Amino acid sequence: MPELPEVETTKASLTPLIGKTVRQVQIRYPKLRYEIPSDLPSLVDFCLTAIHRRAKYLLLDFYHAKDNRQKTLLIHLGMSGSLQQHIDELPKKHDHVLIDFGDDGDNGSLSSLNNGDSLDSIITLHYHDPRRFGMMLWVVNDDYIGTLDTAERFLEKLGPEPLGDEFDLNYLRRIIHRTGEKHKKPIAKPIKALIMEQAIVVGVGNIYAAESLFLSKIHPLTPACRLDDDQLSLLIDNIKQILHRAIEQGGSSLKDFTVGEGKTGYFQQTLLVYGRDGQSCTMCGTILENVKIAGRASVYCPHCQPLTP
């Protein structure tokens with residue numbers, strides 16, 4: 001599944017489209033996790049003005065200057081989704097949506113070029129998703145009559161961004177020990193399960209949780225409330241460093257994640273524990289072991305990450 005670094009990498013790959021205008025929208029296969037809005041083609045003649053990331057969601061802002069209308073599209077890549085930009089390339093089997101973008105001076109689309117427009121001036125954004133767990137939903141749509149609460153539900157209960165200042169020792173300690181909540185015991189669930197909860201902190205997926213815990217020498221099954229301030233501080237620092245490094249290296253291209261023009265990231269080449277069950281630890285040579293936590297495989301080193309009683 002594309003995690004925060006992969007989504008951030010995708011966001012960066014889309015920046016060349018900012019300032020371009022939608023010329024044509026084609027919905028090829030509407031069935032994803034939620035059905036693609038049938039009025040998605042209403043984006044035609046809207047300009048893409050900004051792209052944001054919140055947790056693992058992309059938010060694309062569109063504006064129609066002539067009519068002073070706004071639209072915001074929420075996109076989640078699901079398990080196997082990707083957004084790829086192509087020029088004059090036929091759609092692939094699992095391309096669900098094609099969006100043609102052109103410069104303000106363009107007056108055509110791939111289907112109707114005129115007034116001297118060239119095919120090279122059109123960039124087509126392909127939403128590709130073989131497993132169909134992704135989403136494309138409206139968050140804002142000035143032309144929409146009805147409710148948009150489906151998309152808002154996914155955004156309203158998210159925790160802080162792990163790379164922001166809010167995610168620090170004071171915050172995590174307060175969450176774990178339920179500071180200010182009377183008659184509630186500190187959280188004793190495994191630390192790995194806790195840092196993967198989107199309501200606690202967003203975007204720390206399985207890959208990056210496993211790598212951060214390894215660098216912090218913390219067993220993934222350690223009850224959260226048993227960690228002292230030094231351990232929590234180290235874990236927070238390693239989460240931030242791991243995520244920054246993954247973003248710099250274009251994310252982890254496990255299975256079929258790609259961005260831009262189908263390019264892949266290469267952070268997976270530096271993984272120390274994730275996916276290495278049964279192999280030797282790069283630090284001490286001990287054979288790495290695997291335990292399931294909240295239904296997810298959790299690889300760790302029993303020597304470097306001892307589980308203390």
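Q: A residue is buried under 20% relative accessible area, exposed over 50%, and partly exposed in between. In this predicted model, is Asp143 buried, exposed or partly exposed?
A: The relative accessible area of Asp143 is 33%. That value falls between the 20% and 50% cut-offs, so neither of the outer classes fits. Asp143 is therefore partly exposed.

Q: Which residue forms a salt bridge with Asp143, and how many residues apart in sequence are the two?
A: The partner is Lys71, with the closest N and O atoms 2.7 Å apart. Lys71 sits in strand S4 (residues 69-76), while Asp143 is in the loop between strand S8 (135-141) and H2, so the bridge ties together parts of the chain that are separated in sequence. For Lys71 and Asp143, that separation is 72 residues.

Q: Is Lys71 buried or exposed, and at what relative accessibility?
A: The cut-off to keep in mind is that buried means under 20%. Lys71 falls under it, so this lysine counts as buried, with a relative accessibility of 1%.

Q: Which residue meets Asp45 in a salt bridge, and where does that partner lie?
A: The side chain of Asp45 pairs with that of Arg23 at 3.8 Å, N to O. Asp45 is in the loop between strand S1 (21-27) and strand S2 (47-54), and the two residues are 22 residues apart. The partner, Arg23, lies in strand S1.

Q: Which of the two, Asp45 or Arg23, counts as buried?
A: Asp45 has a relative accessible area of 44%, so Asp45 is partly exposed. The other side of the pair comes in at 15%, under the 20% cut-off. The buried one is Arg23.

Q: How many residues apart are Arg53 and Glu161?
A: These two form a salt bridge, the closest N and O atoms being 2.7 Å apart. Arg53 is in strand S2, and Glu161 is in the loop between helix H2 (149-155) and helix H3 (169-176). Both residues are buried. Their separation along the chain is 108 residues.

Q: Which residues are linked with Arg53 and Glu161 in a network of salt bridges?
A: A search of the whole structure finds 15 salt bridges. Some of these residues are joined in a network that includes Arg53 and Glu161. The others in that network are Glu8, Lys11 and Arg54.

Q: Which side chain makes a polar contact with that of His86?
A: His86 lies in strand S5 (residues 82-86). His86 has a relative accessible area of 9%, so this histidine is buried. The contact spans 3.2 Å, and the partner is Gln84.

How values were computed: Residues numbered from 1 in each chain as written. Predicted model: local features only at pLDDT ≥ 70, side-chain atom pairs only at ≥ 80, totals over all residues. Heavy atoms only, no water. Salt bridge = Lys/Arg side-chain N within 4 Å of Asp/Glu carboxyl O. Helix = DSSP H or I, 4+ residues; strand = E, 2+ residues; numbered from the N terminus. Buried < 20%, exposed > 50% of the residue type's maximum accessible area, 1.4 Å probe, protein only. Polar contact = N/O pair within 3.5 Å; in protein donor to acceptor, adjacent residues only side chain to side chain.
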